[in-house]
Amino acid sequence: MDKLKAIYPDSATVYRIETDLKSEKDTLLNDLGDKYNTLLAAGKLIPDPNGDDIGDVLARVRQIDPKNRLLHDDSLKFEFAKRTEAAMKAGDLETANAY
């Protein structure tokens, strides 16, 4: 976009394209944020070959916005710890190790 704006600094079309791209990015990040929260609440933290897991969502977020707040969300660490502890208490060491 910077190169395009440098070539056409006063272009309404360039401004519209930039605005549309930002809007699409924001919408996608909001959707991914919702999915992240849903997966976090459901405990979908470890890789799942049959569906999305939180790692899949974070990989997409990282591609779109490497500085996004979700990439540094402390609640994910707490959820991993909570689920690991619960699996250990239940004697499910394989699941605890997966976390």
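Let's start at the very beginning of the chain, with Met 1, which sits in the segment ahead of α1, the helix of residues 2-7. This is a predicted model, so please hear everything that follows in that light. Met 1 is partly exposed, at a relative accessible area of 35%. Setting aside residues up to four places away in sequence, Met 1 touches Val 14, Ile 17, Glu 18 and Leu 21. Take the last of those partners: Met 1 and Leu 21 are 20 residues apart along the chain, and 9.8 Å separates their C-alpha atoms.

One step along, we reach Asp 2, which belongs to helix α1. Is Asp 2 buried or exposed? Asp 2 is exposed, because its relative accessible area of 62% lies over the 50% cut-off. If you want a feel for distances, pick Ala 81, which is 79 residues away from Asp 2 along the chain: their C-alpha atoms are 43 Å apart.

Now let me zoom out for a moment. The chain has five helices and zero strands, so to speak an α-α-α-α-α order from the N terminus on. The overall outline deserves a look too: along the principal axes, the C-alpha atoms fill a box of roughly 65 × 25 × 15 Å. A compact globule of 99 residues would have a radius of gyration near 13 Å, whereas this chain comes in at 19 Å. Buried residues make up 22% of the 99 residues. The chain exposes about 7,200 Å², and carbon and sulfur atoms supply 53% of that area. As for contacts with a separation of 6 or more, 45% of them join residues 24 or more positions apart.

On to α2, residues 12-42. This helix has 31 residues, and its first and last C-alpha atoms are 45 Å apart, close to the 45 Å expected at 1.5 Å a residue. Which residues of α2 are buried? They are Val 14, Leu 29, Leu 32, Gly 33, Tyr 36, Leu 39 and Leu 40. Their cover includes α1, α3 and α4. You have met Val 14 already, as one of the residues that Met 1 touches.

Let me pause on Tyr 36. Leaving out its neighbours within four places in sequence, Tyr 36 is in contact with Ile 54, Val 57, Leu 58, Leu 70, Asp 73, Ser 75 and Leu 76. Several of these names come back in the largest nonpolar core, which has 13 residues. The members that touch the most other members are Tyr 36, Leu 40, Ile 54, Val 57, Leu 58, Val 61 and Leu 76. Two elements, α2 and α3, give two or more residues to this core. The largest share, five residues, comes from α2.

That takes us to α3. Its buried residues are Ile 54, Val 57, Leu 58 and Val 61. Looking down the axis of α3, these residues fall within an arc of 95°, so they line one face of the helix. They pack against α2 and α4.

Between α3 and α4 there is a loop, and Asn 68 lies in it. Asn 68 is buried, because its relative accessible area of 11% is under the 20% cut-off. What does Asn 68 touch, not counting residues up to four places away in sequence? Leu 29 and Val 61, and both of those are residues we have seen before: Leu 29 among the buried residues of α2, and Val 61 among those of α3. For another distance, Asn 68 and Lys 3 are 65 residues apart along the chain, with 24 Å between their C-alpha atoms.

Last stop, α4, residues 74-89. Its 16 residues should span 22 Å at 1.5 Å a residue, and the end C-alpha atoms are 23 Å apart, which agrees. The buried residues here are Leu 76, Glu 79, Thr 84 and Ala 87. They cover an arc of only 130° around the axis, which puts them on the same side of α4. The face turned away from that buried side carries the exposed residues Lys 77, Phe 78, Lys 82, Met 88 and Lys 89. What covers the buried residues of α4 includes α2, α3 and α5, the last of these being residues 93-98. After α4 comes Gly 91, with a positive phi near 80°.

Thanks, everyone, and I'm happy to rotate the model to any of these spots.

Technical notes:
Residues are numbered from 1 along each chain as its sequence is written. This is a predicted model: local features need pLDDT of at least 70, side-chain atom pairs count only at pLDDT 80 or more; totals for chains, interfaces and linings use all residues. Side-chain values use heavy atoms; hydrogens and water are left out. Helices (H or I, at least four residues) and strands (E, at least two) are DSSP runs, numbered from the N terminus. The expected span of a helix is 1.5 Å times one less than its number of residues. Buried means under 20% relative accessible area, exposed over 50%, partly exposed in between (1.4 Å probe, protein chains only). The arc is that of the directions from the helix axis to the C-beta atoms. Contact means heavy atoms within 4.5 Å. A nonpolar core is a set of buried Ala, Val, Leu, Ile, Met, Phe, Trp, Tyr and Cys residues joined through side-chain atoms within 4.5 Å. The radius of gyration is taken over C-alpha atoms; the globule rule is 2.2 Å times the number of residues to the power 0.38. Accessible areas come from the Shrake-Rupley method with a 1.4 Å probe; for residues, only the protein chains shown count as cover.
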